[in-house]
Each structure stands twice: as C-alpha cells, then as structure tokens.
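Let's take a walk through this structure, starting with the overall picture and then stopping at a few residues worth a look.

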Amino acid sequence: MPDRNDALRRARERLTSPTTPGESASRQDLADLVNAWIYTHHQRVTCLTANYLGKLERGLVRWPQADYREALRAILGAETDADLGFRRARRSSTALAVEGVGDVNRKGFFRTALGAAVSITLADLAQFAQPAEVPKAVQAADILELRTIAGVFSAWDHTYGGGLVRDAVNAQLRYSVSLLQHSTCPRALHDELYVAVGWLGHSAAAMAFDAYAHDDARRMFRLALSCAEEAGDWHLRAKVLSLMARQAIWCGDADDGLTLVELALVRADRLTPAERAMLYTARARAMAKLGMVEGTLESVGKADEQFTRIRPADERPWMRYYDAAQHAGDTGHAMFDLALKQSDRFAAAASQRLGTAVEGHVAPYVRSRAISGIKLASLTMATGDPDEAAVIGMRAIGDAGKVRSCRAQDDMRELHRLAQPHDGRTPVAELRHQIRTAIQA
C-alpha cells in the first residue's frame, strides 16, 4: 500500500474554504481553485477533480502534471514540490538518455508536421468554434454545480479582485442562461435553478464592477435581479440590490444608490439580520455621500443592532462573507465620509471601525483588508499623524498589490493626493512613491 501524502493533506486543511468561511478547504474547494488558477495564468481549461486530489493525498499518484503542481504550490504557499509531498519516480540513466533523445525527436517531428501552419498564432489556436452543449433537461446536479461555481468565483473575486477571471465567469454565465432558455426544467427545480443562475450573475456583476466594466455590471445585475424576481427569492433580491446601490454610489450617484437600498428594504421583515445589516450600511454610505449626517448615524445604529442578531447558520451562502470585519469596514466607510467633512466629531469613530476591519479580515478577503487599510491611512493622513498614516498605508499598499482591483487603485490615488501636503516627510514621500509604482504595475 502506498504511503499517504500527509504533507498535501495538511497544507489543504490549513487553507480556508472559499465557500464556507471558518472551515478548512475541502478537496472540491482546492480542485476548483486549481482549475481557476491555471485558467487565469495559462488560459487553459483543466478538469482537476476532488477524486484526483484524493488519489494525491492517499499517495496513489505521487507526481501530478506540471501545471497542477505549479497551481498547488501557489495556492498552498509551498516553495517546492517536495513541500507538498510530491516526488518523481526514479528512472534508470538509460531510460533518461532515451527519453532525452525522444524529446528532441518529438519536437522535430512536430515542427516538420506543422511546417505548413507556421503562421498560425496562439490567438488563432485559442478560437474555439464548438460551444458547450446544455443538457436537454436540468437535474439537481446541474444546479449544485452552478452554486459551487458561483461560490468559487465569488471567493476568487474577494481574494484576487475582479479583473483576473472575468472571461471565465462570463462564459459560464452565458452557458447558465442557455440552461434557462433551452433546457427543460422540472417544476420542483424551477426556483432553485433561477436562484443559482442569479447568484452566478451577481458574482459576474461584482467582478465587472471591480474591474470598472460598469455597463457590463449593470446588465449582469439586471439579469441577476430578474432571476431573483422569477424565483420569488427576497434574499437574493436584497443582495443584488445592495451591490447595485454600492455601484451607483461609487459612480457618483448616491441618490440613485439610496433609492435602490430603500427598494430592497420595502419588506425588510422577510430578510435575515445579516441582509438587513448589509442594507443599512449601504444606506449609511449613500446618506454620508449626500451629507445627511443624522440619517447616516441612524442607519449605522440600525446596522449595528441587526449585526448583533446574526446567526451564521441561518444565512444564505452569499451572505457568509458578512462577518465582524466586513461590518466594521462597511460602517467605517460611511463614517469616513463624515469624518473628512467634520473631522473633530467623527474621525475617531471612523478610525476605530476601519482599524477593526483591517485587523479582522483574513487572507481570503485581502481586497477588503486593502481597501479598508487605504481608507484608514487616508483618514489618518487628513486628520492625524502623517507618519503614522504612512505606516498604515505601506501595509495596505502591500495588500493591494496582491489583487487586481480598479476600486483599490482609485483609493490609492486618493491617498496619494491627501499625502501630497506632507511630501517633505521621508515616510510620506516613500509611501507616495510606492503608490505610483503600484498603480503603474
């Protein structure tokens, strides 16, 4: 019986699940992350499965293919293949010599065989004319697959930003809509199917928003909202309207954002505490942008009250991100806008909430940690000690360098602007230099 690969198993169990925060990554979680990583870095579709990972952990396979090893090293934070328990089977020197000759001959053969097609480019080879076929009838397994995919893409967005795998999620969304249009669906599965497609549409829209593909995001949000309405799912409806409001606020239309939030709160009694807290924080952010001080404070208070009532087990999968760090960051962003206008009254409260967010966000939510850290540095730069702000900012810039997020880049530009009056201080000058470097990268 082969020796079990405990190094790989332990590395997987140290990884936080992207679909179930607070738990270790399952084999399926890791398989999905590997497939997404390979697509992002090599534009190649792979089909690593939980079953194959089980074979790796049981030692039945000791030397997976190169792109699997590369992805596993990157995701699990390993420097070498040996750190993950991988080892190549020993071969004789004769076999190695023959294999070396074979490699040369094979390369020569392919160059000769493809000589007439030397002008074909990699882009030409990546044009695929045969789309994936949708099943004639939707089954429960298809819906489970959609939910899993939506969760993985959502987790990827939180960790790496919206710019990396947009093409992949867009293709998956087109396939999912084809299920609605061309596959028959049993009545018992109708609502589940629409909710799964709606959640995937929301995940795609969130990525587009983060990448500043705003028109794409708006269309995807409308798709997701239509699915929620078709299924009569108030929970998905609230989630979609919340992020639609945040996009409107980010794009400078806080009034429209406030209207969208109020629409989502029409039947707040049907929502969970986390969903109500999420919506009240969105309302607070809109009101802060509009200069509605008392309304902002009232909304923050209501959000705080709802947060104390949350029971994670009762929340939908797309709300499991809403923990103490997320709540502190969202309310801190609302207080940030008040603090810049009336620093003496609100700066301390905003700083405390943003600091809680920075300290509380774990690795899968590095983008949120980066954005809250940049906001905290900006607030400290504007109302406090510039040198302290530079220290906070340098850490946040380091986090921002791990993601591709247009929102994070815009926040860095704001910090760069607020730091300009203090450019004579060495730490501040170094921070501004690092921001310029990060934005140009």
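## The big picture

This protein chain has 20 helices and zero strands. Bear in mind that the model is a predicted one. Of the chain's 441 residues, 49% count as buried.

On the outside, the protein chain exposes about 21700 Å², with carbon and sulfur atoms supplying 52% of that area. As for how the chain meets itself, take the contacts between residues at least 6 apart in sequence: 67% of them join residues at least 24 apart.

## Asp210 and its partners

There are 32 salt bridges in the structure. One of them pairs Asp210 with Arg407, and their closest N and O atoms are 2.9 Å apart. Asp210 sits in helix H9 and Arg407 in helix H19, so this bridge ties together parts of the chain that are 197 residues apart in sequence.

Is Asp210 buried or exposed? Its relative accessible area is 0%, so Asp210 is buried. Arg407 comes in at 17% relative accessibility, and because the cut-off for buried is under 20%, Arg407 counts as buried too. The pair also belongs to a wider arrangement: Asp157, Asp210, Arg367 and Arg407 are linked in a network of salt bridges.

## Ser405 joins in

Now for a loop residue that meets Asp210. Ser405 lies between helix H18 (386-400) and helix H19 (406-419). The side chains of Ser405 and Asp210 are joined by a polar contact of 2.7 Å.

Which residues does Ser405 touch, leaving aside its neighbours within four places in sequence? Ser405 is in contact with Asp210 and Arg367, and both of those residues appear in the salt-bridge network. Despite its place in a loop, Ser405 has a relative accessibility of 6%, so it counts as buried.

## Two more salt bridges

Asp81 and Arg69 offer another example, with their side chains meeting in a salt bridge at 3.2 Å, N to O. The pair links distant parts of the chain, twelve residues apart: Arg69 is in helix H4 (66-76), while Asp81 is in the loop between helix H4 and helix H5 (93-113). Asp81 is buried, and Arg69 is as well.

Then there's Arg218, which forms a salt bridge with Asp215, the closest N and O atoms being 3.1 Å apart. Both residues lie in helix H10 (residues 214-231), and they are three residues apart, about one turn of the helix. Arg218 has 33% relative accessibility; since that falls between the 20% and 50% cut-offs, Arg218 counts as partly exposed.

## A cysteine in a loop

Last stop: Cys185, found in the loop between helix H8 (166-182) and helix H9 (190-210). Why does Cys185 count as partly exposed? Its relative accessibility is 27%, and partly exposed covers the range between 20% and 50%, so Cys185 fits there.

Setting aside the neighbours within four places in sequence, Cys185 is in contact with Val138, His190 and Leu193. Cys185 can also be placed relative to Lys136, which is 49 residues away along the chain: their C-alpha atoms are separated by 8.9 Å.

Definitions and conventions. Residues numbered from 1 in each chain as written. Predicted model: local features only at pLDDT ≥ 70, side-chain atom pairs only at ≥ 80, totals over all residues. Heavy atoms only, no water. Helix = DSSP H or I, 4+ residues; strand = E, 2+ residues; numbered from the N terminus. Buried < 20%, exposed > 50% of the residue type's maximum accessible area, 1.4 Å probe, protein only. Contact = heavy atoms within 4.5 Å. Areas by Shrake-Rupley, 256 points an atom, 1.4 Å probe, with all protein chains shown as cover. Polar contact = N/O pair within 3.5 Å; in protein donor to acceptor, adjacent residues only side chain to side chain. Salt bridge = Lys/Arg side-chain N within 4 Å of Asp/Glu carboxyl O.
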